[in-house]
Amino acid sequence: MQLLFPCDPFNKRVADEAYGEEFDAACAAGFACSLFSFEDFEAGQFKAQPALSAGVYVLYRGWMLTPDGYARLHHAIAEHGCAMATSQAQYRHCHYLPEWYALCEEFTPETVIVARDADFAAAVDGRNWPAYFVKDYVKSLTTPRGSVAATPQEIREVVALIEKYRGAVEGGVCIRKFEQLQADSEERYFVLHGQAHGRDGSAPDLVHELARRIDSPFFSVDVVVSSQGELRLIELGDGQVSDRKQWPADRFMAMLATTPA
């Protein structure tokens, strides 16, 4: 396995600052690592340094990509005689909430999925939820305003702010039932080739169950504890573009080292 990281925008010989610690840990763990310019890639050029070794499979660790962007990266790597462990369909499956929601409904807040130009108030009419958590297919609003709408009429305001601050609404709009959660209880787990991993070496039953249900070789699982003490699934994500959060870099690399040859 060869790891692929984005380089610094101004110095193509070093990893981007956001991935520097992880790049160093990967090299220390004995992984073959390459860098590429994300800016050049977005402009239509892809060149890895050192060059990718033909016949290996590549694990990308970098900035989030749209499904179309991932397809372009997948194609560029294939042109170098390599393959990515995660297919284009598998990337989309974990990247977009509507792709995985039906497989996980009992573990995650009830969700209504609509188009950007939908009548949001009509879409949730009669549900009588305490509030509404609003996001697009990938992310919520991370400004101080937050992504919670107190009333159906406020949903449009949150969507407009997502569009303003992120440039666009990706995919469509997901309106989720607001649930009371315990503060500071969120934890990120990873599933690698069907095996659930936690930063402390263990993972709860919920994550093991998701490992059986989700068709992807590498994905992240975010869970949180509800006010009633129940584990709830908040988000899935493709593992290649998921931040480590509280995971130490060396622990993360030890997990990747369990990948079958």
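**Exercise 1. Which residues are in contact with V207, leaving aside its neighbours within four places in sequence, and which core does V207 belong to?**

Solution. Begin with the contacts: once neighbours within four places in sequence are set aside, V207 touches Y189, V191, A196, V221 and V223. The model in which these contacts are found is a predicted one. Next, turn to the core, where V207 is listed with C104, L210, V221, L233 and L236 among the residues that have the most contacts inside the largest nonpolar core, a set of 24 residues. The elements that contribute two or more residues to this core are α5 (97-100), β11 (187-192), α8 (205-213), β13 (218-225) and β14 (231-238), and α8 gives the largest share, with four residues. As a last step, note that a second, separate core of 21 residues is present, and that F5, C7, L35 and M255 are included in it. As background, nonpolar side chains tend to be buried together in soluble globular proteins.

**Exercise 2. Is E235 buried or exposed, and to which side chain is the side chain of E235 joined by a polar contact?**

Solution. First locate the residue: E235 lies in strand β14. Its relative accessible area is 16%, and E235 is therefore buried, since the limit for that class is under 20%. Then consider the partners of E235, which, apart from neighbours within four places in sequence, are L97, W100, K135, V138, S220, V221 and D222. With one of these, K135, the side chain of E235 makes a polar contact of 2.3 Å.

**Exercise 3. What is the volume of the largest pocket, and which residues that line it are the closest to its centre?**

Solution. The volume of the largest pocket comes to about 1000 Å³. Its lining consists of 40 residues, of which E186, R188, D222, E235 and K245 are the closest to the centre, and this list brings back E235, the buried residue of the previous exercise. To see which elements build the lining, note that α4 (88-95), β8 (132-136), β10 (173-177), β13 and β14 each provide at least two residues, while the largest share, five residues, is that of β14. Sorted by class, the lining holds 15 nonpolar, nine polar and 16 charged residues.

**Exercise 4. Which elements give two or more residues to the lining of the second largest pocket, and how many cavities of 30 Å³ or more does a search of the whole structure find?**

Solution. For the second largest pocket, which has about 210 Å³ of space, the elements in question are β2 (11-15) and β3 (32-36). The residues of its lining are C7, K12, R13, L35, F36, S37, D40, Q45, F46, K47 and Q49, and by class they comprise four nonpolar, three polar and four charged. Two of the names, C7 and L35, are also included in the second core. Turning to enclosed space, the search finds one cavity of 30 Å³ or more. This cavity holds about 50 Å³, and the residues lining it are M1, Y57, L59, A85, L192, H193, P217, F218 and T259, which divide into seven nonpolar, two polar and no charged.

**Exercise 5. Where does I214 lie, and what distance separates the C-alpha atoms of I214 and E235?**

Solution. I214 is placed in the loop between α8 and β13, and at a relative accessibility of 5% I214 counts as buried. Beyond neighbours within four places in sequence, I214 is in contact with H93, C94, W100, L103, C104, F219 and L236. Finally, the C-alpha atoms of I214 and E235 are separated by 13 Å, the two residues being 21 residues apart along the chain.

Definitions and conventions:
Residues are numbered from 1 along each chain as its sequence is written. This is a predicted model: local features need pLDDT of at least 70, side-chain atom pairs count only at pLDDT 80 or more; totals for chains, interfaces and linings use all residues. Side-chain values use heavy atoms; hydrogens and water are left out. On a 1 Å grid over the protein atoms alone, a cavity is a set of points where a 1.4 Å probe fits but cannot get out, and a pocket is an open set with protein on both sides within 12 Å along at least five of seven lines; lining residues have an atom within 4 Å of a point. Grid points are joined across faces, edges and corners, and a volume is the space filled by probe spheres set on the points. Ala, Val, Leu, Ile, Met, Phe, Trp, Tyr, Cys and Pro count as nonpolar, Asp, Glu, Lys and Arg as charged, and the others, Gly among them, as polar. A nonpolar core is a set of buried Ala, Val, Leu, Ile, Met, Phe, Trp, Tyr and Cys residues joined through side-chain atoms within 4.5 Å. Buried means under 20% relative accessible area, exposed over 50%, partly exposed in between (1.4 Å probe, protein chains only). Contact means heavy atoms within 4.5 Å. A polar contact is a pair of N or O atoms within 3.5 Å; within protein, one must be able to donate a hydrogen and the other to accept it, and residues adjacent in sequence count only if both atoms are side-chain atoms.
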